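Me: I am new to this structure and would love a close look at one part of it. Could you walk me through it step by step, and then show me what surrounds it?

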Amino acid sequence: MNRPILASIDTQAFAHNLSRVRELAPESKIWAVIKARSYGHSFEAALKGLGSTDGFALLDIQDAVWLREHGWQGRILLLEGLFHENELDLAQELHCDLVVHCDAQVDWLERYADKVHKTISVFLKMNTGMNRLGFKPENYRTIFHRLHVAGYHMHHMTHFANADQINQAPTVGSQLEIFSQATDGLAGSTSLANSAAILWHRNALGDWVRPGIMLYGASPTGLYSDIEHAHLKPVMQLRSEIIDIQDLHKGDRIGYGGRFIAPEDMRIGIIACGYADGYPRHAKDGTPVWVGNSIDSNGGVICPLVGRVSMDMLTVDLRNASDAKIGSVVELWGSKVPVDEVARMSDTIGYELLCAVAPRVPVSIK
Ligand SMILES: *Cc1c(COP(=O)(O)O)cnc(C)c1O
């Protein structure tokens, strides 16, 4: 038997979440953002579950190669464009759309212009306040015209810094205004909205939306309650089993540093999942873990994490789970325990936990 940990990926949940994006942004085309191995869900699962997207957006051109080799014929956007000039031939061959965010990339494309034999679409990135990638609004038109003259199909893109601040439209509004002014009168479609903007700033969608986290059923804010109304479904279930049980006496301590002290005689369950699997070491006592007899049952109970998470194991309080035994199944996150909840108890956001699921965790795609 293998170690019982598994990341189970529900491709129907993927398809459901994608259709929610379509409902929320019916006029827009969709770049399904699948960077970071599809936020830890695997490219295989993304291709299977999100196949009706208009395009996939990712970072690494090698991942675009993978998509083409596995039959994806729709569009592919390289979200940070090319990292080296020598990738241009490959990008053209793969028919990738390119983000262009810096002067070097513009120079490469100008030099390459007479070698272009297929259309190459450029999503020119404007820095409207995020101050990460992109051209300043005052330089934007000049760059746009240079690439337009060089023969590229030009589109406009920006990224919001504060779209997850719900009900604070001005934070998006000022970036939107800068963007609208700088692109006024220029041809080409627009791409603006990440998940947070799709959920909460519907005036800022643009022609191509770029949902990431919402496709995976987690919240842009890190709070599950913020997305409950959107009826998204968690796509990943991280699960494992109880591999040992200890009977503690009152006053016994658990694990490294003895962080948790048994307040009374109690049973604890030892679970095959640790930080080397991607479970956060910072998870506090009380982080919920679901324990049940069978993974699909609606029964089962939430047991609080107790003691520090170690590399390969974590420990839970079984006082609520009198019938838990070695071999009982647990959900670390999924539909019974929102990943956002585990993240909140670890002072982070669901994004980080999903992306950090370790390569040693087997993935099962259903
Ligand atoms: C990651 C990313 C997205 C997706 O963001 P979510 O918050 O996950 O929806 C969209 N656009 C760009 C440029 C990104 O890098």
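In which loop does S42 lie?

Reply: Happy to help! One thing to keep in mind from the start is that this is a predicted model. S42 is found in the loop between α2 and α3. Its backbone has a feature worth a look: phi is positive here, at about 85°, although S42 is not a glycine. For background, a negative phi is what most residues other than glycine have. S42 has a relative accessible area of 11%, and therefore counts as buried, the cut-off being under 20%.

The loop holds another residue to look at, H41, which also has its place between α2 and α3 (43–49). H41 has a relative accessible area of 0%, so it is buried too. The side chain of H41 reaches back to the backbone oxygen of Y39, at 2.9 Å. If you set aside the neighbours within four places in sequence, H41 is in contact with I9, F14, Y216, V235, M236, L354 and V363.

Those contacts are easier to place once you know how the chain is divided: there is a domain 1 (11–216) and a domain 2 (236–365). The contact between them takes 12 residues from domain 1 and 8 residues from domain 2. Taken over C-alpha atoms, the centres of domain 1 and domain 2 are 37 Å apart.

From the loop, you can step back along the chain into α2, and that leads to the largest pocket. This pocket holds about 650 Å³ of space. It is lined by 30 residues, and the closest to its centre are K35, Y39, R132, H159 and Y351. So Y39, whose backbone oxygen H41 reaches, turns up again here. Three elements give two or more residues to the lining: α2 (35–40), α9 (195–200) and α11 (350–355). Of these, α2 gives the most, with 3 residues. Sorted by class, the lining has 18 nonpolar, 6 polar and 6 charged residues. Why does the largest pocket lie between domain 1 and domain 2? Both domains give residues to its lining, so the pocket lies between them.

There is also a second largest pocket, with about 200 Å³ of space. Its lining is made of 15 residues, and D10, P234, Q237, S335 and K366 are the closest to its centre. By class, this lining divides into 5 nonpolar, 4 polar and 6 charged residues.

For a contrast with S42, try N131, in the loop between β6 (121–125) and α7 (137–149). N131 also has a positive phi, near 55°, and is a residue other than glycine. Yet N131 is exposed, with a relative accessible area of 58%, whereas S42 is buried. Another exposed residue is Q12, at 64% relative accessibility, and its place is in helix α1 (residues 11–24).

Finally, here is the whole chain as a frame for what you have seen. It has 11 helices and 18 strands, and its C-alpha trace spans about 75 × 45 × 35 Å along the principal axes. Of its 366 residues, 53% count as buried, with H41 and S42 among the buried ones. Among contacts between residues at least 6 apart in sequence, 66% join residues at least 24 apart.

Conventions:
Residues are numbered from 1 along each chain as its sequence is written. This is a predicted model: local features need pLDDT of at least 70, side-chain atom pairs count only at pLDDT 80 or more; totals for chains, interfaces and linings use all residues. Side-chain values use heavy atoms; hydrogens and water are left out. On a 1 Å grid over the protein atoms alone, a cavity is a set of points where a 1.4 Å probe fits but cannot get out, and a pocket is an open set with protein on both sides within 12 Å along at least five of seven lines; lining residues have an atom within 4 Å of a point. Grid points are joined across faces, edges and corners, and a volume is the space filled by probe spheres set on the points. Helices (H or I, at least four residues) and strands (E, at least two) are DSSP runs, numbered from the N terminus. Ala, Val, Leu, Ile, Met, Phe, Trp, Tyr, Cys and Pro count as nonpolar, Asp, Glu, Lys and Arg as charged, and the others, Gly among them, as polar. Domain bounds come from an automatic or database domain assignment. Buried means under 20% relative accessible area, exposed over 50%, partly exposed in between (1.4 Å probe, protein chains only). A polar contact is a pair of N or O atoms within 3.5 Å; within protein, one must be able to donate a hydrogen and the other to accept it, and residues adjacent in sequence count only if both atoms are side-chain atoms. Contact means heavy atoms within 4.5 Å.
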